[in-house]
Amino acid sequence: MATESGGNGFGGGDSPPPFDGDIASYKKWRRRAELWVFATRTDTERLGPRLLQSLRGAAWEACQDIKLENLSRDKGWNDIFDILDALFGQSKDVLQVESLDEALYATTRKANEDFVSFCTRLEHKFRKLDENCSVKLPSVARGYVLARQWGLTAQEMREVLVL
């Protein structure tokens, strides 16, 4: 039988990450909570109740009435995710627009960022674009976006193409 000792990298031993209903932090919290469920040593029937205990504010209000027997069943913690996804998650339309914006316009080179780091960040945005919009840019379009977001001028892009 699993125990509740050990650590998961979130501080506080093997506790689920707290969430207070801040919509801006929901996506990151959900990912951390999924990782906690996967990596914790908490007994399966206690995962849902422990996750519920980590909620505060609007998140707690939304989930407080979930029946304990539902939370205690196998994958009962999904009830919490379902409710919070509906309240704090993003619609498919919003995800698609944000993915397009991030991949095509918003991912620009940070001050003193090296080329490999920038390419890694942009590639992540391209993967999200494909995942959320089913859009896989052809390599010439990806190269164009990379050059523009890196900050090359039109003349510099022509010079690169000639080379």
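At what angle do helix α6 and helix α7 pack, and how far apart are their axes? In this predicted model, helix α6, residues 92-106, and helix α7, residues 115-133, pack at an angle of about 150 degrees, and their axes are 9 Å apart. The two helices are therefore roughly antiparallel to each other, as angles over 145 degrees count as such.

## The pairing of α6 and α7

The crossing of α6 with α7 is left-handed. On the α6 side, the residues that meet α7 are K92, L95, Q96, S99, L100, E102 and A103; on the α7 side, their counterparts are L122, K125, F126, K128, L129, N132 and C133. Sorted by class, this contact holds seven nonpolar, three polar and four charged residues.

One residue of this contact may be followed in detail. S99 belongs to helix α6. Is S99 buried or exposed? S99 is buried, because its relative accessible area is 6%, and buried means under 20%. Leaving out residues up to four places away in sequence, S99 touches K128, L129, N132 and C133. For S99 and K128, the separation along the sequence is 29 residues, while their C-alpha atoms are 6.2 Å apart in space.

## The pairing of α1 and α2

Two packed helices are described by the angle between their axes and the distance between those axes. For α1 and α2, the axes come within 11 Å and cross at roughly 150 degrees. That angle makes α1 roughly antiparallel to α2. The crossing of these two helices is right-handed. From α1, the residues W29, A33, W36 and V37 meet L47, R50 and L51 from α2. By class, the contact comprises six nonpolar residues, no polar residues and one charged residue.

## Nonpolar cores

The largest nonpolar core has 19 residues, and those touching the most other members are F19, W29, L51, L55, C63, I80 and L84. Several helices contribute: α1 (26-39), α2 (44-53), α3 (57-63) and α5 (78-88) each supply at least two residues of this core. Which helix gives the most to the core? Helix α1 does, with five residues.

F19, named above among the core residues with the most partners, has a broad list of contacts. Apart from its neighbours within four places in sequence, F19 is in contact with S25, Y26, W29, S54, L55, R56, A59, L84 and F88. A second core, separate from the one just described, has nine residues, including L122, L129, V145 and W150. Two of its residues, L122 and L129, also appear among the α7 residues that meet α6.

## Individual residues

The table gathers the placement and relative accessibility of selected residues.

| Residue | Location | Relative accessibility | Class |
|---|---|---|---|
| D14 | segment before α1 | 4% | buried |
| N78 | helix α5 | 26% | partly exposed |
| S99 | helix α6 | 6% | buried |
| K75 | loop between α4 and α5 | 48% | partly exposed |
| S134 | loop between α7 and α8 | 65% | exposed |

D14 lies in the segment before α1. The C-alpha atoms of D14 and E98 are separated by 34 Å, and these residues are 84 positions apart along the chain. N78, in helix α5, lies 10.0 Å from L47, C-alpha to C-alpha, with 31 residues of separation in sequence.

Two loop residues call for a remark on backbone geometry. Most residues other than glycine have a negative phi. Where does K75 lie? K75 lies in the loop between α4 (68-72) and α5, and its phi is near 60 degrees, a positive value in a residue other than glycine. K75 counts as partly exposed because its relative accessibility is 48%, and the partly exposed class runs between 20% and 50%.

S134 also has a positive phi, near 55 degrees, and is likewise a residue other than glycine. S134 is located in the loop between α7 and α8 (139-150). With a relative accessibility of 65%, S134 counts as exposed, since that class begins over 50%.

Technical notes:
Residues are numbered from 1 along each chain as its sequence is written. This is a predicted model: local features need pLDDT of at least 70, side-chain atom pairs count only at pLDDT 80 or more; totals for chains, interfaces and linings use all residues. Side-chain values use heavy atoms; hydrogens and water are left out. A nonpolar core is a set of buried Ala, Val, Leu, Ile, Met, Phe, Trp, Tyr and Cys residues joined through side-chain atoms within 4.5 Å. Buried means under 20% relative accessible area, exposed over 50%, partly exposed in between (1.4 Å probe, protein chains only). Contact means heavy atoms within 4.5 Å. Axes are lines fitted to C-alpha atoms, for helices over the stretch in contact, and angles run from 0 to 180 degrees between N-to-C directions. Angles under 35 degrees count as roughly parallel, over 145 as roughly antiparallel, 65 to 115 as roughly perpendicular and the rest as oblique. A crossing is left-handed if the near helix is turned anticlockwise from the far one by less than a right angle, and right-handed if clockwise. Ala, Val, Leu, Ile, Met, Phe, Trp, Tyr, Cys and Pro count as nonpolar, Asp, Glu, Lys and Arg as charged, and the others, Gly among them, as polar.
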